[in-house]
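Please work through the exercises below with the sequence and the model side by side, trying each task before reading its solution.

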Amino acid sequence: MDDERLDERVAALTLERKVRLLTGASMFTLRGDDDAGLEPMAFSDGPTGVRGLHFTDGPLTGLFPNATLLASSWRTETAEEVGRLLAEEAERQQIHVVLGPTVNLHRTPLGGRLFEAYSEDPLLTGHLAAAYVTGMQARGIGACPKHLVANEAETDRHTVDSVVDDRTLRELYLLPFEIAVEDSDPWTLMAAYNDVNGIAATEQTTVNNEILKGEWGWRGLLMSDWFATKSAGPAANGGLDLVMPGPLGPWGPALVAAVESGEVDETVIDDHLRRLLLLAERVGALDAPRGWRTDLPEPTDDVRREQLTRLAAQGMTVLANDGVLPLAREASVALVGRLALETTCMGGGSASVRAPHQVSVADGLAAAMDGVTVVDGVAVRARARAGDFSMHVRLYGASGALISDTVSGEAKVAVGMPEQELAEPVARLVLSATVPGGAMRVGVLGVGSATVTIGGASYDVKLASESDDIGGDFLRPPGWQTDVVLDGPSELVADITVGALSRFGLVAEPTPPGDDAAIAAAVAAARAAEVTVVVVGLTEEQETEAFDKSTLALPGRQDELVSAVAAAARRTVVVVNAATPVLMPWRDEVDAIVWAGLPGQEGGHAVAAALLGDIEPAGRLVTSFPAADGESPAWDVVPTDGRLTYDEGVYVGYRGYAARRAAPPAYWFGEGLGYGEWSYGEVTLAGSVVSVEVTNTSTRDSREVVQVYLQPDPSEGDDQPVRLVGWSTVDVFAGSTHTVDVTIDARAMRTWDDGAWRPLTSGRLLVARGLGDIRGEVAL
Ligand code: BGC
C-alpha cells in the first residue's frame with residue numbers, strides 16, 4: 001500500500017484512537033482497530049526459538065542452537081535457513097513478529113547475554129543478521145534486530161548510560177544495524193533499555209530519527225524493549241513508534257496531553273501509526289486476518305530434528321586436535337561430566353523456550369556408538385533450578401479466595417504477567433507435585449516466604465530478591481533447596497506468600513554424587529577406556545539475560561576434573577558446552593578440544609555427529625577467548641556512577657589484541673581447525689575481490705573459511721585497527737584445490753572521521769585463519 005493510502009487510514013482516526021494503538025495490548029500482543037482495518041498482532045521472543053505468548057507452560061516449540069554457535073559456521077546461508085525455519089515456528093503459533101536477532105556485539109566476554117548475540121565483529125554480525133532477516137521475512141514474518149544501541153552488558157541495564165564516542169558507535173555498534181537495514185530492510189527494530197551518551201535509547205533522536213530513519217531511510221517500526229520507555233513526549237519525539245508491553249505504560253493519556261499542549265506534533269503520532277500500519281500490511285494483519293499455513297513441521301518431526309542437528313554440529317569448533325578426532329566408532333569411550341548428562345542446550349532469560357526435549361551428550365553419543373560408559377561429574381550449578389515435571393498450581397488473591405487452580409506442564413509458573421486475567425492480584429500460591437522416593441534434592445524458586453513440606457518434614461524459607469533489575473528475579477529467580485531421603489513417592493508442597501513479580505517453581509531431582517566421589521569415579525573410568533570425553537562448561541546461571549559474569553573460569557571443580565582425567569586417560573577429548581569464552585587452564589594437558597556452544601534441542605546428537613565426523617565441526621570462533629580473567633581489550637561491565645564508558649574505543653576483541661592492548665588471546669576470533677588441513681596459494685586483488693587458491697591437503701572433504709582483514713597503512717592514521725573486511729566459506733574435496741573469491745565490503749573499509757565517512761584506501765589485505773594464523777597478503 002502506498003503512503004497516501006496509509007495516510008488516509010491514519011487520518012480517519014481520532015488522536016485518542018491513534019495513541020491507543022501505540023502501546024501493546026498485553027505482554028506480547030497489539031490491539032486491532034476495525035476502522036483502520038487493523039487486525040491484532042502477536043509478537044514472540046526469539047532468537048533461538050519462538051516461545052509464543054507465554055513465559056511458562058506455553059506450547060512445545062523448536063529449540064535452536066544458540067546464536068554464537070550458529071554464527072560460528074560463518075555462513076549467511078545458515079543464518080538465512082534459521083530465519084526461514086523460525087518463520088515456520090512462528091507461523092505454526094500464529095505469531096506475526098519474532099523478536100530477534102540480537103545484534104549487539106561481544107564487547108567484553110563478561111556480558112551475560114553474549115550467547116544471544118553473534119560476534120565481536122560488526123561485519124560478521126551484520127551480514128548474518130541480514131541473512132536471518134531475509135530468510136524470515138521472505139515467509140511473511142517480521143524480524144526485529146535488537147537492541148538499538150550500545151547494549152553490550154546486563155549490569156544495571158535499565159539505567160546504565162553507555163558512553164561511546166561517535167566514531168566507535170558508527171564503526172562498531174551501529175554497523176550491524178546499518179548492514180541489516182540496508183541489506184534486508186527489517187520490518188521492526190527494538191530500542192534498548194540503556195541510555196546512550198546521556199539520553200535513553202527510546203528517546204535517542206540522533207540515533208532513531210536522524211541516523212536510522214533519516215540517513216538510512218528506514219521505514220519500519222521501532223518498538224521499545226519491554227518496560228524500557230520512560231516518558232511520553234521525549235520518547236514519541238525521539239523516534240520511538242511503539243511502547244511494549246501493554247496495556248499500561250507511559251503513553252496513553254499522557255501522550256494525548258503532550259499533543260494537546262503542543263509538546264508533540266500530531267504529525268509525529270501519525271508517522272508512528274503509519275509505520276505500525278505498514279508493519280501490519282507486511283505481516284498480513286491489514287484488512288483481513290492472515291491465512292496461516294498449517295502444513296508445517298512439528299519440533300519433533302524428523303525433518304526438524306535433522307535440521308537442528310546439522311545447524312548445531314556444523315558450527316562446533318575444533319580448537320585442538322592431535323589426531324584423536326574424529327573418534328573411531330569402535331573405540332571404547334568413557335564419557336564424563338555433569339554436562340554430559342545434563343547438557344546445557346539453551347541460555348537463560350527471554351530467549352529460552354519450552355523445548356520438546358533436550359538431548360544430552362550422553363544420550364546422543366550412546367545412540368551413535370557402542371562402548372560408551374557414562375560417569376557423572378562434579379557440580380556445575382550453584383543455584384536451585386526448576387525440575388522437568390508437571391505440578392499443581394493454586395493461586396490465591398489477597399482476600400484469600402482461590403482465583404486459579406491449574407496443572408502446569410512445567411515445574412515453573414510466571415506470576416504477575418499483565419495478560420494473566422485474574423480476579424485479583426496473586427498474594428499466595430501453593431505448588432505441589434509427587435516426587436519419586438530415594439535420595440532427592442528438593443526445593444522452591446521465587447521471591448517471597450515459603451513453607452516447604454516433604455516426607456513429613458517442613459521448612460520455613462525466605463526467598464529474598466537478588467536483583468534490582470525489573471525482570472531479574474523473573475528471569476533468574478532465587479531459590480532454596482535441601483537434600484532428603486524419601487521412603488517412597490512423596491508429595492512436595494510449597495506454600496508461598498508472594499514477595500514480588502517472579503517465576504515460581506519446584507525443585508526435585510535425584511541427589512547428585514559429591515565432587516570427590518565424582519572425580520574418583522571419572523579417573524577410574526578414564527583408566528579403563530581408550531578415549532575419555534569430558535564435557536565441561538557453563539549453564540543458564542552464567543549464560544543469561546539480566547546478569548553478567550564476574551569470571552570466565554568454569555564453575556565448580558570442573559578444571560580439577562579435567563586435569564585429573566587427563567592425567568589418567570590414554571586420550572582426552574574435552575567438549576566445551578558454553579556459548580562464550582571460558583578459561584581452559586588444562587589446554588596443554590589434553591589431546592583435543594571441541595567448543596560445542598549451547599546446541600539446542602538435538603544437542604547430544606549434534607555433539608556425537610561432530611565427534612565422530614558424521615558432520616564436520618567446521619566452526620570458526622566468533623569471539624576471541626582471553627587467556628586469563630581481565631586479559632581482554634574491554635573487561636569491566638560494572639558502571640561507575642551510572643556510566644559504562646566504552647573507553648577501548650574501536651579496539652574491541654581481535655582489533656585490540658592485534659594492537660597489543662591485551663595479552664595475546666588463548667584463541668583468536670576466526671580460529672578453528674575443522675577436520676581438514678589447508679595450504680594457501682598466492683593472494684591477488686582485482687577491484688574489490690580478493691582471490692586465493694586453497695588446497696585441502698587432508699584425506700577428508702572439508703570446509704574452509706577464508707577470512708580477509710584490512711591492516712590499514714599508518715598513513716591512514718595511527719589509530720586504525722586491523723578489521724575483518726570480507727570472508728567466504730568453501731567446501732573442498734580431500735586433495736582438491738579451489739580458487740576462493742572474497743568480496744570486500746566497502747562498509748568495513750572506511751572510518752568515521754570528523755562527522756563523515758572517509759574510505760580507507762591504503763594498507764595490506766591479510767588472508768588469515770584468525771589473526772594468529774596469517775596465510776598471505778596483498779597490498780591494497
Ligand atoms: C529483553 C528483550 C525481549 C523482551 C521481551 C526484554 O527483557 O531485553 O530482548 O525481547 O524482554 O521478552
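The exercises that follow concern a predicted model, and each task is followed by a solution in steps.

**Exercise 1. The surroundings of the ligand**

Task: Find how many residues surround the ligand, and work out which polar side-chain atoms lie at short listed distances from its oxygen atoms.

Solution:
- Begin with the shell, in which 14 residues surround the ligand, and the closest of them are Asp45, Arg113, His147, Asp225 and Glu545.
- Sort that shell by class, which gives six nonpolar, two polar and six charged residues.
- Turn next to aspartate 45, where an N or O atom of the side chain is 2.5 Å from an oxygen atom of the ligand.
- Go on to histidine 147, which has a polar side-chain atom 2.7 Å from an oxygen atom of the ligand.
- Then take tyrosine 193, whose side chain places a polar atom 2.9 Å from an oxygen atom of the ligand.
- Finish with the cover: on its own the ligand has 310 Å² of accessible area, and the protein covers 95% of this.

**Exercise 2. The cavity that holds the ligand**

Task: Determine in which cavity the ligand sits, and describe the lining of that cavity by residue and by class.

Solution:
- Count the cavities of 30 Å³ or more, of which there are six.
- Pick out the largest cavity, with a volume of about 270 Å³, and note that 23 residues line this cavity, those closest to its centre being Met27, Phe55, Tyr193, Trp226 and Glu545.
- Place the ligand, which sits in this largest cavity.
- Look for elements in the lining, where strand 4 (146-148) and helix 15 (472-475) each supply at least two residues.
- Sort the lining by class, which yields 13 nonpolar, four polar and six charged residues.

**Exercise 3. The largest pocket**

Task: Establish how much space lies in the largest pocket, and which element gives the largest share of its lining.

Solution:
- Start from the volume, since about 1,400 Å³ of space lies in the largest pocket.
- List the lining, made up of 50 residues, with Gln358, Arg385, Ala386, Gly387 and Lys412 nearest the centre of the pocket.
- Identify helix 13 (338-341) and strand 22 (502-510) as the elements that give two or more residues to this lining.
- Compare the shares, of which the largest, five residues, comes from strand 22.
- Sort the lining of the pocket by class, which gives 20 nonpolar, 13 polar and 17 charged residues.

**Exercise 4. Backbone exceptions**

Task: Locate two cis peptide bonds that precede proline 47 and proline 247, and a residue other than glycine with a positive phi.

Solution:
- Recall the background, that most residues other than glycine have a negative phi and most peptide bonds are trans.
- Examine the bond between glycine 46 and proline 47, which is cis with omega at about -5°, and place proline 47 in the loop between strand 1 (43-45) and helix 3 (67-71).
- Examine the bond from glycine 246 to proline 247, which is cis with omega near 5°, and place proline 247 in the loop between helix 9 (233-237) and helix 10 (252-260).
- Consider aspartate 641, whose phi is positive, near 50°, and find aspartate 641 in the loop between helix 18 (603-612) and strand 26 (643-645).

Notes
Residues are numbered from 1 along each chain as its sequence is written. This is a predicted model: local features need pLDDT of at least 70, side-chain atom pairs count only at pLDDT 80 or more; totals for chains, interfaces and linings use all residues. Side-chain values use heavy atoms; hydrogens and water are left out. A residue is near a molecule or strand if one of its heavy atoms lies within 4 Å of it. A polar contact is a pair of N or O atoms within 3.5 Å; within protein, one must be able to donate a hydrogen and the other to accept it, and residues adjacent in sequence count only if both atoms are side-chain atoms. Accessible areas come from the Shrake-Rupley method with a 1.4 Å probe; for residues, only the protein chains shown count as cover. On a 1 Å grid over the protein atoms alone, a cavity is a set of points where a 1.4 Å probe fits but cannot get out, and a pocket is an open set with protein on both sides within 12 Å along at least five of seven lines; lining residues have an atom within 4 Å of a point. A molecule sits in a cavity or pocket if more than half of its atoms lie within 2 Å of its grid points. Ala, Val, Leu, Ile, Met, Phe, Trp, Tyr, Cys and Pro count as nonpolar, Asp, Glu, Lys and Arg as charged, and the others, Gly among them, as polar. Grid points are joined across faces, edges and corners, and a volume is the space filled by probe spheres set on the points. Helices (H or I, at least four residues) and strands (E, at least two) are DSSP runs, numbered from the N terminus.
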